[in-house]
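Please open the structure in a viewer and keep the selection panel at hand. The tour below proceeds from one selection to the next.

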Amino acid sequence: MDIYEERKDGFLVLGLEGRLDATNSKMFEDKILAVIDEGERQLVIDLSQLNYVSSAGLRVFLLASKRLNPAGGKLVLCSLQEPVKEVFEIVGFFSILSILGSRDEALKSFR
Amino acid sequence: MSEAIAVELKNRLSEIERLAHVVDNFGRHHQIGAHILYNMKLALDEILTNIISYAYDDAGEHHIVTRLSLEQGKWTVEVEDDGRPFNPLNAPVADTEQSLEERRVGGLGIHLVRKLINELEYRRQNDRNILVMRLKVKGA
């Protein structure tokens, strides 16, 4: 999996490409916790290029949201591919995480 | 039984993607739909990640055997390991009704397996864990 980083309208967007599983979830966890520790409070994770996620990756989204929310921050996920969306539904993430259809909607939600 | 194949894996996480390619080929050969294929690969990933990460008390090399077979509209995948006894059928799982604050970050893998797979069986035999997962396959 590759992680790319962009700044849009002042907000940090992390994009994930490929497979997020137990072989690389620690790298993603380290990356996202590092940007939170550096002070980012409003973060977009663009999943449009992510075609596979296992529970090892799911726990990182949970962990980051749990870390950001009490700090007055917000994590927004966007552009989920269909198989990834199904996995998110099974684990009940739509009721506890902010998940939007597109990157534009995600960025708008911060205003 | 129409056709069965066995794949032997070492207890390394990188082996899971290798298995996924074998499963893809098996699926293509038997015209198993993409959705069913995805679900089985994810369930296998979860089970194997658990075994490789938690089943062994030593740091040595272990072998995990995965068998795939197709019979009467059912795709059966068996995973056999020599790790410590672990029954995924009665392991605690995440409560997906809880709020973000209440939720623990773990326990999602077994929850996924139970939701993705139609039939699950577990037995402990000759000091080995044997997990059988079955999915209905259309037209097979």
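A residue is termed buried when its relative accessible area is under 20%, exposed when that area is over 50%, and partly exposed in between. By this scale B:Glu61, at 47% relative accessibility, counts as partly exposed. The model on display is a predicted one.

**Stop 1: B:Glu61 and B:Arg12.** Select these two side chains in chain B; they meet in a salt bridge, with N and O 3.8 Å apart. B:Glu61 sits in the loop that runs between helix H2 (34-54) and strand E2 (63-71), while B:Arg12 belongs to the loop between strand E1 (3-10) and helix H1 (14-29), so the pair ties together parts of chain B that are 49 residues apart in sequence. B:Arg12 is likewise partly exposed, at 43% relative accessibility.

**Stop 2: a network of salt bridges.** Next select A:Arg19, A:Asp21, B:Glu17 and B:Asp45, which are joined into one network by salt bridges that share partners. Within this group, focus on A:Arg19 and A:Asp21: their closest N and O atoms lie 3.2 Å apart in a salt bridge. Are these two residues buried or exposed? A:Arg19 counts as buried, at 18% relative accessibility, and A:Asp21 is also buried, with a relative accessible area of 5%.

**Stop 3: helix H3 of chain A.** Select residues 82-90 of chain A, which form helix H3 and include both A:Glu82 and A:Lys85. These two residues are three positions apart, about one turn of the helix, and their side chains form a salt bridge with an N to O distance of 3.9 Å. A:Glu82 is partly exposed at 48% relative accessibility, and A:Lys85 is partly exposed at 29%. Over all chains, a search of the whole structure finds 22 salt bridges.

**Stop 4: chain A as a whole.** Finally, select chain A and colour it by secondary structure. Four helices and five strands appear, in the order β-β-α-β-α-β-α-β-α along the sequence. The radius of gyration of chain A is 13 Å, close to the 13 Å that the globule rule gives for 111 residues, so the chain is as compact as a globular protein of that length. Its C-alpha atoms fill a box of roughly 30 × 25 × 25 Å along the principal axes.

With the surface of chain A displayed, about 4,600 Å² is exposed, 44% of it supplied by carbon and sulfur atoms. Of its 111 residues, 52% count as buried. To close, colour chain A by charge: the mean positions of its 14 positive and 17 negative charges are 5 Å apart.

Note on methods:
Residues numbered from 1 in each chain as written. Chains lettered and ligands numbered in written order. Predicted model: local features only at pLDDT ≥ 70, side-chain atom pairs only at ≥ 80, totals over all residues. Heavy atoms only, no water. Salt bridge = Lys/Arg side-chain N within 4 Å of Asp/Glu carboxyl O. Buried < 20%, exposed > 50% of the residue type's maximum accessible area, 1.4 Å probe, protein only. Rg over C-alpha atoms; globule rule 2.2 N^0.38 Å. Areas by Shrake-Rupley, 256 points an atom, 1.4 Å probe, with all protein chains shown as cover. Lys, Arg positive; Asp, Glu negative; His and termini not counted. Charge placed at Lys NZ, Arg CZ, Asp CG, Glu CD.
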